[in-house]
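Below are some notes on this structure, set out point by point. They cover backbone geometry, aromatic pairs, one helix packing and one loop residue.

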Amino acid sequence: MTPKTSTSARSLDDFITASAALTGFDAFDLHGTGMAGLYHETALEQVGRPAVARLLDALAAAGGDPDGITDETARDVARAIAHMWYLGVWPQLAASVHTALGRERANTPFTVSPEAYTEGLVWRTFDGHPAGAKPPGFGTWSDPPPGAPAVPRAGERAAEPATRLPGPREAGS
């Protein structure tokens, strides 16, 4: 396999591979959001092909570990891309990075698209659903979320804890 060059910024697959390293979600999940192409284009429009290529090269040089990126510009572009995947919002870049990039675009945060909110990875991190946008399904509100401890229902007794601490009125009596 040949190493990637700075022309790798043109490849959606390279962007997805980098995004998987930045977000912790695999390529399948990222493609499943339906936002991959739009997010790739947004990153290219906001910071330019050379900056995206710089990030991809820095990430490759760090062995795919985002914590190993030492270049300030590449780190801030990485932060912006991860932010976009999780929240559907392109964030404001660090002033020094925006200046270094010499971009004419305003350095202001914006929502990438109406779908970006509902497809944000943040909802998948806790098996949640975006309010008012994706209902969880009929009756699912009555069950605890996956992984949550069991909560007694009305009329059931809670299991007694193994050790009982004295209440505020019992302490010191």
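1. The segment after helix 8 (121–125) holds aspartate 127. The model is a predicted one, and the backbone of aspartate 127 deserves a look: its phi is positive, about 55°, although the residue is not a glycine. Aspartate 127 has a relative accessibility of 47%, so it counts as partly exposed; the exposed class would need over 50%.

2. Aromatic pairs come next. A search of the whole structure finds five of them. One pair is formed by tyrosine 117 and tryptophan 123, whose ring centres are 5.6 Å apart; their planes stand at 80°, so the pair is classed as edge-to-face, the cut-off for that class being over 60 degrees.

3. Are the two partners of that pair buried or partly exposed? Tryptophan 123 is buried because its relative accessible area is 18%, and the limit for that class is under 20%. Tyrosine 117, at 37% relative accessibility, counts as partly exposed.

4. Ring pairs also link Phe15, Tyr39 and Trp85 into a cluster. Tyr39 of helix 3 and Trp85 of helix 5 appear again in the contact between these two helices, which is taken up in the next point.

5. How do helix 3 and helix 5 cross? The axes of helix 3 (residues 36–47) and helix 5 (residues 72–87) come within 11 Å, at a crossing angle of roughly 145°. The crossing is right-handed. On the side of helix 3, the contact is made by Ala36, Tyr39, Thr42, Ala43 and Val47; helix 5 contributes Val77, Ile81, Met84 and Trp85. Sorted by class, the residues in this contact are eight nonpolar and one polar, with no charged residues.

6. Serine 113 sits in the loop between strand 2 (110–111) and helix 7 (114–118). With a relative accessible area of 10%, serine 113 is buried. Its side chain makes a polar contact with the side chain of glutamate 115, at 3.2 Å.

7. Which residues does serine 113 touch once its neighbours within four places in sequence are left aside? Met35 and Leu38 are the contacts that remain. For a reader checking this loop, the items to inspect are therefore the low accessible area of 10%, which makes serine 113 buried, the side-chain contact with glutamate 115, and the contacts with Met35 and Leu38.

Technical notes:
Residues numbered from 1 in each chain as written. Predicted model: local features only at pLDDT ≥ 70, side-chain atom pairs only at ≥ 80, totals over all residues. Heavy atoms only, no water. Helix = DSSP H or I, 4+ residues; strand = E, 2+ residues; numbered from the N terminus. Buried < 20%, exposed > 50% of the residue type's maximum accessible area, 1.4 Å probe, protein only. Phe/Tyr/Trp six-rings, centres within 6.5 Å; stacked < 30°, edge-to-face > 60°. Axes fitted to C-alpha atoms, helices over the stretch in contact; angles between N-to-C directions. Left-handed = near helix turned anticlockwise from the far one by under 90°. Contact = heavy atoms within 4.5 Å. Nonpolar A, V, L, I, M, F, W, Y, C, P; charged D, E, K, R; others polar. Polar contact = N/O pair within 3.5 Å; in protein donor to acceptor, adjacent residues only side chain to side chain.
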